[in-house]
Amino acid sequence: MKTHSPQNERVKRAYFTYLAEAQGFSEPTLDAAAKAINRFESYTRFRDFKAFHIEQAKGFKSSLAGQMSLRSGDHLSKATLYATLSALKRFFIWLAGQPGYKSRISYSDAEYFNLSAKETRVAKARREQRVPTLEQIRHVIHMMPGSTEIERRDQALIAFTILTGARDRATASLKLKHIDVHQGRVNQDARQVNTKFSKTFTTWFFPVGDDVLQIVVNWVNYLRQEKLWGVDDPLFPATKIVVGASRHFEVAGLDRRHWNSAGPIRKIFKVAFAGASLPYFNPHSFRKTLAQLGERVCRTPEQFKAWSQNLGHEKVLTTFSSYGEVAAERQRDIIRELARPMEPDPLFQEILKQLMRITPQRS
């Protein structure tokens, strides 16, 4: 059975280069595009893209809607359908402008990868997201073993994530010189740290507990004082794998190199939450925990602005709109509390003013 098309592979390589170099998309975005295109090719049995016809798009949509998710065992979600088809639409729009394809594919052909208006609304609907509580996170941290240096690294990794709110890809690329435990800060320098949108900013340790802080401090001191590692060594090094006496691969402590991706970090999180008998929360969910904590502890607009900047957000509204979603139970409590007279919240009043300034007025 045909497993690829040489001509397709060449044009896909050119497309991925375009996404990375011209559009500036990250590696995860490229991976998602590659997965979507491969799904379509598998459906067409790897026919040359020059043989594309709108019936292929229509048939693929129908086939995709009938596929089952390996994770949930149910049909693919509307969000997955939307993301896959949107990636394909973007690809075929680009393809329609390439030499050798212009006469075979029109820009309007790509529109056949659209979902119906109703399905699109379902796919883009915002849903309540699961966010771990600070108490759950601290429980996980204290349930983790810490006898070996691998276990100490894993425990410090999770403590560091809630202490700083750093994204997993940034954490994987941090060096010892980027953290100052005495000042209580992390310098996320985009020249060496894999930050989102290549932004450089300073994160000061969030007030999430001295016990959490001490775990990170102890880890940094261990690397510097006992391992005698230097400033350019990784803050969270990869696991060293060697061939043991049994001629099998074995764990042999820490390797003096960075992880190649954030994948190992997410695996550590999965094992840690499972070990604490709690549902899995990914590293990014910790940022939402910190956003919700900020809403509770900040008392002035200036305080919340500082809290927002600490998460790497240039605009405070980003923290509110993307991370500050109110859980259903809390929403219920707030609405009930509003039945009682109270003084207006100065932070809310300030945010309302900002919204009024940026929202176009309608006549």
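The protein chain holds 15 helices and five strands, taken as DSSP runs (H or I of at least four residues for helices, E of at least two for strands) and numbered from the N terminus. This is a predicted model, in which local features need pLDDT of at least 70 and side-chain atom pairs count only at pLDDT 80 or more, while totals for chains, interfaces and linings use all residues. Residues are numbered from 1 along each chain as its sequence is written, and side-chain values use heavy atoms, with hydrogens and water left out.

Of the 363 residues in the protein chain, 39% are buried; buried means under 20% relative accessible area, exposed over 50%, and partly exposed in between (1.4 Å probe, protein chains only). The protein chain exposes about 21300 Å², 52% of it supplied by carbon and sulfur atoms; areas come from the Shrake-Rupley method with a 1.4 Å probe, and for residues only the protein chains shown count as cover. Among contacts (heavy atoms within 4.5 Å) with a separation of 6 or more, 60% join residues 24 or more positions apart.

A nonpolar core is a set of buried Ala, Val, Leu, Ile, Met, Phe, Trp, Tyr and Cys residues joined through side-chain atoms within 4.5 Å. The largest has 57 residues, of which Phe160, Ile162, Ile179, Val208 and Leu235 touch the most other members. Elements giving two or more residues to this core include helix H6 (134-143), H7, H8 and helix H9 (210-226). A second, separate core of 28 residues includes Leu81, Leu85, Ala96 and Leu115. Leaving aside neighbours within four places in sequence, Val208 is in contact with Leu134, Arg138, Ile162, Leu163, Leu290 and Leu293.

Arg167 lies in the loop between helix H7 (149-164) and helix H8 (168-173). Arg167 is buried yet has no salt bridge, and the nearest side chain of opposite charge, Asp168, is 7.2 Å away. A salt bridge is a side-chain nitrogen of Lys or Arg within 4 Å of a carboxyl oxygen of Asp or Glu; Lys and Arg count as positive, Asp and Glu as negative, and His and the chain ends are not counted. Beyond neighbours within four places in sequence, Arg167 is in contact with Lys196, His284, Arg287, Leu311, His313 and Tyr323.

Two loop residues other than glycine have positive phi values.

| Residue | Phi | Loop between | Relative accessible area |
|---|---|---|---|
| Arg45 | near 60 degrees | helix H2 (27-43) and helix H3 (54-65) | 67%, exposed |
| Ser198 | near 55 degrees | strand E2 (185-188) and strand E3 (201-204) | 56%, exposed |
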